[in-house]
Amino acid sequence: MRNIQKFGLALFIIGLLIFSYIPFIGDYQLNVQLVEKLVKEEHREVMTGILEPMYDKIYTSNFSFIRDFKELFNAYNQDLKDQQAWDKVIWDNYAFSVTKAAAINPVQEHPYKYFGVSIILGVIGGLMYIMPLYRNEPEGIKNNGIYFSSMKARGVLGIFTGTYLILFYVILYWLPEYMTNLVIMVDPLSEALSGNEASQWFLYGLVYTLAILVMGIRMFKKYKGNAYQTIRTGSVMFFQLAFAFLLPEILVLFNMPWHDFKNIWPLDYSFFYEYRIEGMVSSGALGMFMLIWGILLIVIGVPLLTYFYGKRWYCSWVCGCGGLAETLGDPYRQLSDKSLKAWKVERYLIHGVLVFAVVMTALTIVNYFMKFDLLGQATNQLHSIYGFAIGSAFAGVIGTGFYPFMGNRVWCRFGCPLAAYLGIVQRFKSRFRITTNGGQCISCGNCSTYCEMGIDVRWYAQRGQNIVRSSCVGCGVCSAVCPRGVLKLENADEEGRINEMPIIIGNKSISVKS
């Protein structure tokens, strides 16, 4: 079995290297017909003139092609900005679409082959490594040697992995033109699902979903015998595959707006943007259902479900961000900071993001009904600031890229506005709590070590105090790793949920801690 794992690991590394090499394959050539086809009608005449020096010139790398494109395009816009001719500036970013259309490479001719030797090879290698894990071992969670692992304890492999993820997200969000070959590679799959060519977001959604599915199988192996963890993992795998990846693409195939039915405002911060509202309203009965469903989730669904089940119903069972954190991020859960200082930063930061999202959305809605007289063009600037700082930099680059540095719930703990909303309800009006039995606690610290949300669970367990923290996502791992059965996830009556003077039950006595 050890040899199978080594071979699988080798296949995964080969697939990853090929995936990383594909963007540099092939040549690029631009002509006037391509430009006329790609750009908007109002920009057509200007853009064909701007890019004339590039026509029929063969570029042997995407770096040189993109460099020339940006030099010509930015020079034109800068001249207009210097003259303060803001109405003539081209604000659309054509770099990705032009680069993709100009590509001449073997990936276009054999997309399935490159898809197979990169992504599929990586998936097969990953499964070959994962399947023999914990084979013939008794049930129970194994964390042997986790702090001696270079990958899981901020060692060289962990630093390399985090750096690679950060670089991937930076290119994905702000420089997608450099990964056009990877997008071309998945064009056939996108066309089969939605009828359209792939974008960088389809590529990302595909890789994201495969990561959850493959690492979800690892969760099944690691947490075998624990029904709660098994069902919870299966839930996030299903919701990611069906609701976040397949269903939205199929909706597009039937000329409906792309919509993730499980994504809720304010996590889905663009839900009330003009183009989203108009897209849903103009799409008939199904579009109106999307709009009403989204609003009902915000106003009724979130508070009601959180009242009965705590925020775990979403954060640990449904959410895509939580799904990736619980599967791909599981090896890094012990890296979360448990200090009081980190808790203070967490509370100010995550609620600050929630306030930002609420204010931005309120201004967006008011501005929409005032026919943009309130903010005018500043509306787009406000959206861009939030999208850059929160939607991209925080949720993507930091939220996932920092797994190997700060644990697997960086975004959920410090930045997710929906987690903050759910947490407020959970803290003050919910039946959910984690009950503790202080007399049974042996202070091993497993619960605190493996709490991905940075909660010092042991502190509560030693005092026999129920855990009702707003940040708790109810993943249940603290209970699963406890050797004495001290911790239990419960949905009971609100009465007695917050016990500031808990009863400590020992071997020979009962005492009240005051």
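Let's start with Y309: with 43% relative accessibility, this tyrosine counts as partly exposed, since buried means under 20% relative accessible area, exposed over 50%, and partly exposed in between, with a 1.4 Å probe and protein chains only. Keep in mind that this is a predicted model, where local features need pLDDT of at least 70, side-chain atom pairs count only at pLDDT 80 or more, and totals for chains, interfaces and linings use all residues. Residues are numbered from 1 along each chain as its sequence is written, and side-chain values use heavy atoms, leaving out hydrogens and water.

Y309 is found in helix α14, and helices here are DSSP runs of H or I, at least four residues, numbered from the N terminus. That helix, residues 284-309, gives the most to a nonpolar patch on the surface, with ten residues. Among the patch members are V281, M288, F308 and Y309, and the whole patch has about 940 Å² of accessible area. Patch residues have over 30% relative accessible area and no salt bridge (a side-chain nitrogen of Lys or Arg within 4 Å of a carboxyl oxygen of Asp or Glu), and nonpolar side chains are joined within 5 Å. Areas come from the Shrake-Rupley method with a 1.4 Å probe.

Now, cysteines. How many disulfides does a search of the whole structure find? Zero, taking a disulfide as two cysteine sulfur atoms within 2.5 Å. For C412, the nearest cysteine sulfur, that of C319, is 6.2 Å away. C412 counts as buried, at 10% relative accessibility. For C482, the nearest is the sulfur of C444, 6.0 Å away; C482 is buried too, at 18%.

Definitions and conventions
Patches are made of residues with over 30% relative accessible area and no salt bridge: like charges are joined within 9 Å, nonpolar side chains (Val, Leu, Ile, Met, Phe, Trp, Tyr) within 5 Å. Helices (H or I, at least four residues) and strands (E, at least two) are DSSP runs, numbered from the N terminus.
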